[in-house]
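Trainee: Hi! Could we go through this model together?
Mentor: Happy to, take a look.

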Amino acid sequence: MRISEFQNMIRELYFEKDERRGVERTFLWLVEEVGELAEAVRTGENAGEEFADVFAWLVSLANLCGVDLEEEVGRKYPGYCIRCGSKPCRCEEVV
């Protein structure tokens with residue numbers, strides 16, 4: 001499934017509810033899901049499910065803000081490092 005397909009599916013399923021909730025409260029749900037993901041990564045339990053939840057809430061927020069994630073991801077990450085131009089990245093590692 002392409003990012004745009006997933007974003008459209010989430011829009012069809014949840015946009016009315018998301019719109020009633022609003023941007024601020026949807027963002028708070030995203031942050032809560034990121035916290036659940038942090039716990040899942042720490043414990044090694046349900047990480048895949050939590051990654052999916054974070055992605056779905058991110059897409060919901062993008063829908064509310066009118067952001068086409070597939071377009072923006074393609075622009076920001078064109079298949080090579082935008083700093084050094086290499087694939088894989090050859091930039092100095094930042095600690």
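Trainee: Which side chain of opposite charge is nearest to Glu33, and how far away is it?
Mentor: The nearest one is Arg21, 10 Å away, and Glu33 is buried yet has no salt bridge. Charge here means Lys and Arg as positive and Asp and Glu as negative, with His and the chain ends not counted. Buried is under 20% relative accessible area, exposed is over 50%, and partly exposed is in between, using a 1.4 Å probe and protein chains only. A salt bridge needs a side-chain nitrogen of Lys or Arg within 4 Å of a carboxyl oxygen of Asp or Glu.

Trainee: What kind of model is this, and how are residues numbered?
Mentor: It is a predicted model, in which local features need pLDDT of at least 70 and side-chain atom pairs count only at pLDDT 80 or more, while totals for chains, interfaces and linings use all residues. Residues are numbered from 1 along each chain as its sequence is written, and side-chain values use heavy atoms, with hydrogens and water left out.

Trainee: Thanks. Where is Glu33, and what is it in contact with?
Mentor: Glu33 is in helix α2, residues 23-43. Helices are DSSP runs of H or I with at least four residues, strands are runs of E with at least two, and both are numbered from the N terminus. Setting aside neighbours within four places in sequence, Glu33 is in contact with Glu50, Asp53, Val54 and Trp57. Contact means heavy atoms within 4.5 Å.

Trainee: Now Arg21. Which residue does Arg21 meet in a salt bridge?
Mentor: Asp18, at 2.6 Å from N to O. Asp18 and Arg21 are 3 residues apart in helix α1, so about one helical turn separates them.

Trainee: Are Asp18 and Arg21 buried or exposed?
Mentor: Asp18 is buried, with a relative accessible area of 3%. Arg21 also counts as buried, because its relative accessibility is 17%.

Trainee: What else does the side chain of Arg21 do with Thr26?
Mentor: The two side chains make a polar contact of 3.2 Å. That term covers a pair of N or O atoms within 3.5 Å; within protein, one must be able to donate a hydrogen and the other to accept it, and residues adjacent in sequence count only if both atoms are side-chain atoms. Thr26 is in helix α2 and is buried, at 0% relative accessibility. Beyond four places in sequence, Thr26 touches Asp18, Arg21, Trp57, Ser60, Leu61 and Leu64.

Trainee: Changing topic: what lines the largest pocket?
Mentor: Ile10, Tyr14, Lys17, Asp18, Arg21, Asp53, Ala56, Trp57 and Ser60. The pocket holds about 150 Å³ of space. Helix α1 (3-21) and helix α3 each supply at least two lining residues, and α1 gives the most, with 5.

Trainee: How is a pocket defined, and how is the volume taken?
Mentor: On a 1 Å grid over the protein atoms alone, a pocket is an open set of points with protein on both sides within 12 Å along at least five of seven lines, whereas a cavity is a set where a 1.4 Å probe fits but cannot get out; lining residues have an atom within 4 Å of a point. Grid points are joined across faces, edges and corners, and the volume is the space filled by probe spheres set on the points.

Trainee: What about Asn63 in α3, buried or exposed?
Mentor: Asn63 is buried, with a relative accessible area of 7%, and its helix α3 covers residues 47-65. A polar contact of 2.9 Å joins its side chain to that of Gln7. Apart from neighbours within four places in sequence, Asn63 is in contact with Gln7, Ile10, Arg11 and Phe15.

Trainee: Back to salt bridges. How many are there in the whole structure?
Mentor: The search finds 5. Among them is Glu39 with Arg42, the closest N and O atoms being 2.7 Å apart. Glu39 is partly exposed at 40% relative accessibility, while Arg42 is exposed at 62%.

Trainee: And what does Glu72 pair with?
Mentor: Glu72 forms a salt bridge with Arg75, at 3.1 Å between the closest N and O atoms. Both are in helix α4 (residues 69-76), 3 residues apart, so they are separated by about one helical turn. Salt bridges that share partners join Glu71, Glu72 and Arg75 into one network.

Trainee: Last one: where is the cis peptide bond?
Mentor: Between Lys87 and Pro88, with omega about 0 degrees. Pro88 lies in the segment after α4.
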